[in-house]
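Here are some worked exercises for you to try with the model open beside you. Take each task on its own, then compare your route with the solution.

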Protein chains: 2
Amino acid sequence: MKVLVIGAAGMVGRKLVAALLATGQVGGQAISHLALADVVAPTAPPSPITITTAAVDLSVPEVAGQLVADRPDLIFHLAAIVSGEAEADFEKGYRINLDGTRHLLEAIRHAGQAAPYRPRLVFTSSIAVFGEPLPEVIGDTHHLTPLTSYGTQKAICELLLSDYSRRGFVDGVGIRLPTIVVRPGKPNKAASGFFSGILREPLAGQPAVLPVADSVRHWFASPRAAVGFLLHAAAMDTALLGNQRNLTMPGLAATVGEEIAALERVAGAKAAGLIQRVPDAVIADIVAGWPKAFEASRARRLGFTGETSFDEIIRIHIEDELGGRIG
Amino acid sequence: MKVLVIGAAGMVGRKLVAALLATGQVGGQAISHLALADVVAPTAPPSPITITTAAVDLSVPEVAGQLVADRPDLIFHLAAIVSGEAEADFEKGYRINLDGTRHLLEAIRHAGQAAPYRPRLVFTSSIAVFGEPLPEVIGDTHHLTPLTSYGTQKAICELLLSDYSRRGFVDGVGIRLPTIVVRPGKPNKAASGFFSGILREPLAGQPAVLPVADSVRHWFASPRAAVGFLLHAAAMDTALLGNQRNLTMPGLAATVGEEIAALERVAGAKAAGLIQRVPDAVIADIVAGWPKAFEASRARRLGFTGETSFDEIIRIHIEDELGGRIG
């Protein structure tokens with residue numbers, strides 16, 4: 001089967017590509033060709049599978065047509081302008097996150113007009129489609145009231161994915177990712193950055209700042225779980241989805257205090273002691289409006305699985321990013 | 001104040017224009033200029049208010065800019081390709097119902113970049129944004145899972161309306177209209193046509209066909225109520241909406257049997273006897289997936305009011321369309 005990954009240079013994209021190449025198959029079907037696209041040309045890891053890479057701007061209408069010209073059987077669409085940038089640059093956010101996705105859907109539809117074509121399209125949405133007021137635990141039938149342009153764009157793409165799937169143009173699965181922890185790499189300025197930072201930095205022997213109260217509760221999954229969601233969505237029986245093509249992924253609902261307790265269990269009191277509590281009212285306000293927990297019953301019934309403890313999330317980071325050793 | 005009505009030649013549009021001209025004001029503010037636009041040039045009724053009319057295609061990007069060039073304070077956007085046509089012509093539906101609305105929002109945003117401008121925009125959405133599986137009574141926080149391209153396009157426009165309002169580009173209110181009965185005019189081929197037909201035809205002394213069971217339950221409002229919703233949305237305090245700019249309008253939940261009983265009470269057994277039961281499995285199947293009832297608590301709290309009995313809906317038709325007389 002031919003596989004296309006759009007957004008292959010991002011953190012989750014790179015891990016997905018590594019997982020695809022590790023097994024060389026998806027749902028039992030061997031991968032014959034892997035095409036990787038992103039705004040910067042993704043690196044092609046060494047592999048017996050034919051890999052092509054392309055630096056593309058999905059907001060240019062013709063680009064999507066070029067990407068699907070080879071008629072990939074499976075497309076992962078992970079590319080997006082992140083939340084902060086979509087809020088800072090209104091036009092760019094809509095151009096990439098909405099128009100880019102629509103161009104892709106249209107290119108697939110047009111390819112299907114020339115000759116039968118209905119690829120599996122796995123689209124990464126986000127829990128940013130939900131906005132307050134929110135119940136403590138959000139059910140699978142709760143409405144989407146995004147409070148950012150990014151969340152709005154993701155919610156719109158979910159609707160398009162369902163309609164294009166219902167019409168038979170594409171075989172879509174939209175997955176709403178939890179907040180991914182532990183993100184590898186440097187600290188960033190995202191409001192959610194501390195959720196990863198208070199684990200990643202102490203595990204590397206570095207201090208980290210915690211800007212919110214220990215009681216703050218949120219919804220998490222590891223990068224490894226995110227890749228698992230993508231692969232499960234790629235191979236699942238979509239007949240079970242009916243016309244509702246979008247799913248809230250299972251995650252772990254946990255407080256910052258529980259996160260720190262897990263760090264102490266896994267890496268000791270010294271690591272936990274590297275966390276400095278420096279309250280930041282601005283960040284606390286932003287985070288207060290975020291989802292705390294989901295039922296995600298539908299996704300669980302459909303076989304998606306996430307972590308059940310922060311200990312597990314921390315151990316995955318140590319295994320996948322730190323070579324099994326704590327700094 | 002300057003008022004623009006897009007979709008002024010439609011059934012609800014014409015009644016809205018008549019209501020605006022009857023009082024010459026909205027929320028206590030006198031109307032100085034009324035601009036009417038539709039795909040065919042709307043008729044300008046005689047009035048002391050300055051009225052301009054235009055035949056426009058909102059899917060042409062420049063058109064929206066021309067419509068808002070005069071910087072109307074209040075815009076009613078009622079224009080849409082109807083459900084059946086949007087399903088039959090996929091591209092036309094997205095071009096008019098989605099792109100047209102987006103062009104309008106963008107034209108307003110661009111006008112605001114030149115000089116401060118933030119008009120009230122009243123947008124007519126539809127209960128077609130909801131799709132099965134549905135609870136018997138749909139609450140205000142139930143998710144939108146449209147089962148038609150029309151419903152998808154309306155749901156997307158709702159999301160855009162909220163985001164553009166949150167960003168301060170426009171002051172939007174989206175209202176999800178119930179099924180409107182009694183629609184005046186000739187019978188049409190819409191699957192919902194019989195809900196009006198079984199009242200309208202007998203009230204004119206004509207036979208009518210009922211293709212579904214008497215037990216079928218649905219959600220209704222009169223054309224007069226629809227105009228009332230639009231006028232209330234035009235004048236309400238939108239600060240009360242927060243970031244959730246879209247509202248399910250209050251309606252009347254009633255079965256076809258209750259509808260017929262009301263006809264018999266208002267117009268006699270002879271009128272009710274003109275209804276011929278001719279079951280149609282195709283129509284019955286379509287209608288089975290439609291919403292049966294809504295809470296609409298939020299809209300009611302915000303002062304929107306609909307009918308409370310089918311007797312009232314029938315009397316409104318007799319007053320507004322039949323000159324008070326039953327044929």
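**Exercise 1.** Is B:Arg71 buried, exposed or partly exposed?

*Solution.* Keep in mind as you go that this is a predicted model. Start with the place: B:Arg71 sits in the loop that links helix 2 (61–68) to strand 6 (74–77) of chain B. Next, count neighbours. There are 14 other C-beta atoms within 10 Å of B:Arg71. A residue is called buried from 20 such atoms upward and exposed at 12 or fewer, so B:Arg71, with its 14, is partly exposed. While you are there, look at the backbone: phi of B:Arg71 is near 50 degrees, a positive value in a residue other than glycine.

**Exercise 2.** Find where A:Ala296 lies in chain A, and decide whether A:Ala296 is buried or exposed.

*Solution.* First, the location: A:Ala296 belongs to the loop between helix 10 (281–288) and helix 11 (297–301) of chain A. Second, the backbone: its phi is positive, near 50 degrees, and the residue is not glycine. Third, the surroundings: A:Ala296 has 24 C-beta neighbours inside 10 Å, and therefore counts as buried.

**Exercise 3.** Locate the cis peptide bond at B:Pro133 and the one at B:Val182, and place each residue in chain B.

*Solution.* Begin with the proline. The bond between B:Glu132 and B:Pro133 is cis, with omega about 5 degrees. B:Pro133 is part of the loop running between strand 7 (120–126) and helix 5 of chain B. Now turn to the valine pair. Here the bond from B:Val181 to B:Val182 is cis, and omega is near -5 degrees. B:Val182 falls in the loop between strand 9 (179–180) and helix 6 (193–203) of chain B.

**Exercise 4.** Describe the overall build of chain A, and work out how its radius of gyration stands against the globule rule.

*Solution.* Take the inventory first: chain A has twelve helices and 14 strands. The radius of gyration of chain A is 20 Å, close to the 20 Å from the globule rule for 327 residues, so chain A is as compact as a globular protein of that length. Along the principal axes, its C-alpha atoms fill a box of roughly 60 × 45 × 40 Å. Then consider burial: 50% of the 327 residues in chain A are buried. Finally, look at sequence separation. Of the contacts in chain A between residues at least 6 apart in sequence, 78% link residues at least 24 apart.

**Exercise 5.** Which strands stand at the edges of the open sheet 9-11-13 of chain A?

*Solution.* Write down the order: three strands of chain A form an open sheet, 9-11-13, with mixed pairing. Strand 9 (179–180) and strand 13 (252–255) of chain A each have a single partner strand, so they are the edges, and one side of each has no neighbour in the sheet. For the pairing sense, strand 9 and strand 11 (residues 217–221) of chain A run parallel, joined over two bridges. One pair to look for is A:Ile180 with its bridge partner A:Ala221 in strand 11 of chain A.

Chain B offers the other pairing for inspection. Four bridges join strand 11 (residues 217–221) of chain B to strand 13 of chain B, and these strands run antiparallel. Here B:Phe220 has B:Leu252, in strand 13 of chain B, as its bridge partner.

**Exercise 6.** Work out how chain B is related to chain A, then describe the contact between the chains.

*Solution.* Superpose first: a rotation of 180 degrees, with 0.0 Å of shift along its axis, brings chain B onto chain A with an RMSD of 0.0 Å. The two copies are therefore related as by a two-fold rotation axis. Both copies use the same surface, since 100% of the contact residues of chain B recur in chain A. Among the residues of chain B, B:His143 comes closest to the axis, at 1.8 Å (C-alpha).

Now take the contact itself, which has 17 residues from chain B and 17 residues from chain A. On the side of chain B, helix 5 (residues 149–166) gives the largest share, six residues. By type, that side holds six nonpolar, nine polar and two charged residues.

Note on methods: Residues numbered from 1 in each chain as written. Chains lettered and ligands numbered in written order. Predicted model: local features only at pLDDT ≥ 70, side-chain atom pairs only at ≥ 80, totals over all residues. Contact = placed C-beta atoms within 7 Å. Nonpolar A, V, L, I, M, F, W, Y, C, P; charged D, E, K, R; others polar. Pairing = 2+ DSSP bridges. Least-squares fit on C-alpha atoms with pLDDT ≥ 70 in both. Rg over C-alpha atoms; globule rule 2.2 N^0.38 Å.
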